[in-house]
Amino acid sequence: MTLTLQPPPRLQTPDFLAVADLSPEELSQLLAYAAHLKALRKARIAHPLLQGRSVALYFEKPSNRTRVSFEVGVADLGAHPFMLRKDEVNLGVRETIADTARTLSRYVDGIMIRTFSHSDVEQLADYASVPVINGLTDAHHPCQILADLLTVRERFGELQGLKLAFIGDGNNIAHSLLEGCALAGMRVAIACPKTHAPLPEIVSRAQQLASRTPGASVLVTDNLADAVEGAAAVYTDVWISMGQEKETAERRRIFEGYQVNESLMRGARPDAVVLHCLPAHRGEEISAETFEKHADVIFDEAENRLHAQKAVMAALMAPR
């Protein structure tokens, strides 16, 4: 069969701020389209779906994967990426977020923002007349979770009914995994200290989504064995995220024992994969042995940020 460029899916949401902005059908369509764009790129088939358009990429938090994957992805789609740094824009300080949103909307066709406060992203989207994509906030990391689900889909062929266990802090990754797995019909288990559990309102939202999605369930526990039992994917993230450096000693004490290692993996499926959103701190949240054993899938996951984000940008910004 000849590989040819297919039109992107259309989303009901004008922005992509959280995975729960999507319906189960839209999530499935985005993952399928990300796989399609990945195949086109591997075959070196051009797919300039955003030819002649411009996308602003605003960073308040340092970035490696997010910056490179978005900048390359925008260029792949035929658009022009414009990098904006905190010291240039200083969102909400030099001028109001509303005024920045309305100004940028006159120049560009979409905005990606990577920042701390999720409410700032919501306000930006409220006032922008172009699509806004959340590249990361302290509450959500939706683009990462699309890449994660794409990676699991590549390994196992389907998502519905699979179990994914997340070990560590109930942070933005845990929040977006709860929503994404629930929408995908997966069984998601979050194992974390009781003092660092996901926000109750996000757990409740995920439970509501799971109740309407065949195959989905939600578990939040401090028991690692219960979380990983029967898991097809075991996921971890750093114990100390950006902005938490002053808590390093305390967090290492709290999360001691919440490490993904070969002993823990014996409780998962024999064919289970390990996921990590990177950067990885070997010897803390993951053992060096386990990281290297699953390095191929972890770097597939990193690559899939590119393809998943391109699918989102195409779905939101391509001419209708």
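This text walks through two sheets, two helix pairs and one loop residue of a predicted model.

Start with the smaller numbers in the strand count. One open sheet has 4 strands in the order 2-1-3-4, and the pairing is parallel. Its edges are strand 2 (80-85) and strand 4 (132-136), each of which pairs on one side only. Neighbouring strands in this sheet are turned against each other by 20 degrees on average, direction ignored. At one edge, strand 3 (residues 110-114) runs parallel to strand 4 and is joined to it by 4 bridges. One residue pair can be picked out here: M112 has I133 of strand 4 as its bridge partner.

Now take helix 4 and helix 5. Two packed helices are described by the angle between their axes and the distance between the axes. Helix 4 covers residues 97-105 and helix 5 covers residues 118-127; they pack at about 50 degrees, with axes 8 Å apart. Helix 4 and helix 5 are therefore oblique to each other. Their crossing is right-handed. On the helix 4 side, the contact uses I97, A98, A101 and R102. On the helix 5 side, D120, Q123, L124 and Y127 meet them. By class, this contact of helix 4 with helix 5 has 5 nonpolar, 1 polar and 2 charged residues.

A second helix pair follows. The axes of helix 6 and helix 7 (residues 172-184) come within 9 Å and cross at roughly 55 degrees. That angle makes helix 6 oblique to helix 7. The crossing of helix 6 and helix 7 is right-handed. Helix 6 contributes P142, Q144, I145, D148 and L149 to the contact. Helix 7 answers with I173, S176, L177, G180 and C181. The residues of this contact divide into 6 nonpolar, 3 polar and 1 charged.

Helix 6 also leads to the other sheet. Helix 6 (residues 142-156) lies across strand 8 and strand 9, and runs at about 165 degrees to strand 9. Those strands belong to an open sheet of 5 strands, ordered 7-6-5-8-9 with parallel pairing. Strand 7 (217-221) and strand 9 (273-276) stand at the edges with a single partner strand each, so one side of each has no neighbour in the sheet. From one strand to the next, the twist averages 20 degrees.

Look more closely at strand 9. Strand 8 (residues 233-236) runs parallel to strand 9, and 4 bridges join the two. Y235 stands opposite L275, and T236 stands opposite H276. In a regular strand the side chains alternate between the two faces of the sheet. Which residues cover the two sides of strand 9? V273 and L275 lie on one side, V274 and H276 on the other, and all are buried. Both faces of strand 9 are thus covered, while one side of this edge strand is left without a neighbour in the sheet.

Finish beyond the opposite edge strand, strand 7. The loop between strand 7 and helix 9 (224-228) holds N223. Is N223 buried, exposed or partly exposed? Its relative accessibility is 30%, so N223 counts as partly exposed. The C-alpha atoms of N223 and A189 are separated by 10.0 Å, and the two residues are 34 residues apart along the chain.

How values were computed. Residues are numbered from 1 along each chain as its sequence is written. This is a predicted model: local features need pLDDT of at least 70, side-chain atom pairs count only at pLDDT 80 or more; totals for chains, interfaces and linings use all residues. Side-chain values use heavy atoms; hydrogens and water are left out. Axes are lines fitted to C-alpha atoms, for helices over the stretch in contact, and angles run from 0 to 180 degrees between N-to-C directions. Angles under 35 degrees count as roughly parallel, over 145 as roughly antiparallel, 65 to 115 as roughly perpendicular and the rest as oblique. A crossing is left-handed if the near helix is turned anticlockwise from the far one by less than a right angle, and right-handed if clockwise. Contact means heavy atoms within 4.5 Å. Ala, Val, Leu, Ile, Met, Phe, Trp, Tyr, Cys and Pro count as nonpolar, Asp, Glu, Lys and Arg as charged, and the others, Gly among them, as polar. Two strands pair if DSSP finds at least two bridges between them. Buried means under 20% relative accessible area, exposed over 50%, partly exposed in between (1.4 Å probe, protein chains only).
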